[in-house]
Protein chains: 2
Amino acid sequence: MAKKGPKLSDEQMQAIARAVADPRRFAILQQIASQECCPCGAVREQQPISAATISHHMKELSDAGLVVVNHEGRTAEFTFQRGVWDSYLSQLSNI
Amino acid sequence: MAKKGPKLSDEQMQAIARAVADPRRFAILQQIASQECCPCGAVREQQPISAATISHHMKELSDAGLVVVNHEGRTAEFTFQRGVWDSYLSQLSNI
DNA sequence: CCATCTATTCGATGAGCGTCGAACTATTCG
DNA sequence: CGAATAGTTCGACGCTCATCGAATAGATGG
């Protein structure tokens, strides 16, 4: 059981699990993880969903702690929190 | 990226993600994983849900490949598939 | 100031799913 | 055979949530 990062609360574990359970949201997370930083518009170019829905998913991912939002001018940039992700996987391995 | 077991299909990845997303189902999975083998009745003793619901969750976990059902007489025993679980986590780590 | 652009918020809608009780199947035992 | 036990299946109910269009907020540029 490789231990990485601090232990996540049960609520955060569940929030991450729910965030990953939706295919579209997981695809968005993958995109953000691969680009390390990407605005809403970039996500929209790869996902056939409305801006409102993307914003909704971003809030979910943000609430789960998987991404951090950084507002720059009129755009918003998201960065993947690999530490949280690793902690999540590490904790799941202790089942 | 530690590689364990064969690659899971996208459908199976999503099925596992959905199975884990529900708190009750995850609790059941934890119980089965800890006991390596346990009948429906044992699950029911620890979860305040009806037999019908347990059967439903078992089908979900089974469809996801996380447990294997073994019918012995009139009872059903479930065994956790650690290999599939490890493959799931391994694949998630490649995000 | 006004128009444009990016993103968020709001309300509504529709689908999915967790849950239950009841009916059913299959097995065990007297 | 008949009763009891273990799970499953079925239909229905409620709640959650992904999705959208429209309205809004905030920033940029003419």
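In this predicted model, 24 residues lie around DNA strand C, and those that come nearest are Cys40(A), Ala52(A), Ser55(A), Ala52(B) and Gly73(B). Both protein chains therefore appear in that short list, with Ala52 named from chain A and from chain B. Four elements each supply at least two residues of the surface near DNA strand C: helix 3 (40-46), helix 4 (51-63) and strand 3 (75-80) of chain A, together with helix 4 (51-63) of chain B. Helix 4 of chain A gives the largest share, with 6 residues. By residue type, the surface near DNA strand C divides into 9 nonpolar, 8 polar and 7 charged residues.

Helix 4 of chain A, the main contributor to that surface, can be checked against its expected length. Its 13 residues, at 1.5 Å a residue, should span 18 Å, and because the C-alpha atoms at its two ends are 18 Å apart, expectation and model agree. Just after this helix, Gly65(A) takes a positive phi of about 85°.

Elsewhere in chain A, a good residue to look at is Arg24(A), which is found in helix 2 (residues 23-35). Arg24(A) has 13 other C-beta atoms within 10 Å; a residue counts as exposed with 12 or fewer and as buried with 20 or more, so Arg24(A) is partly exposed. Leaving aside residues up to four places away in sequence, Arg24(A) touches Gln47(A), Ile49(A) and His57(A). The last of these partners, His57(A), falls within the range of helix 4 (51-63) of chain A. By contrast, His71(A) is 47 residues from Arg24(A) along the chain, and the C-alpha atoms of the two are separated by 23 Å.

The two protein chains also meet each other: 13 residues of chain B are in contact with 13 residues of chain A. On the chain B side, helix 1 (10-21), helix 2 (23-35) and helix 5 (82-92) each supply at least two residues. Helix 1 of chain B provides the largest share of this side, 5 residues. The side of chain B that touches chain A is made up of 9 nonpolar, 3 polar and 1 charged residues.

Finally, the arrangement of the two chains can be described by a simple operation. Chain B is superposed on chain A by a rotation of 180° with 0.0 Å of shift along its axis, at an RMSD of 0.0 Å. The two copies are therefore related as by a two-fold rotation axis. The same surface serves both copies, as 100% of the contact residues of chain B recur in chain A.

Key:
Residues numbered from 1 in each chain as written. Chains lettered and ligands numbered in written order. Predicted model: local features only at pLDDT ≥ 70, side-chain atom pairs only at ≥ 80, totals over all residues. Near = placed C-beta within 6 Å. Nonpolar A, V, L, I, M, F, W, Y, C, P; charged D, E, K, R; others polar. Contact = placed C-beta atoms within 7 Å. Expected span 1.5 Å × (residues − 1). Least-squares fit on C-alpha atoms with pLDDT ≥ 70 in both.
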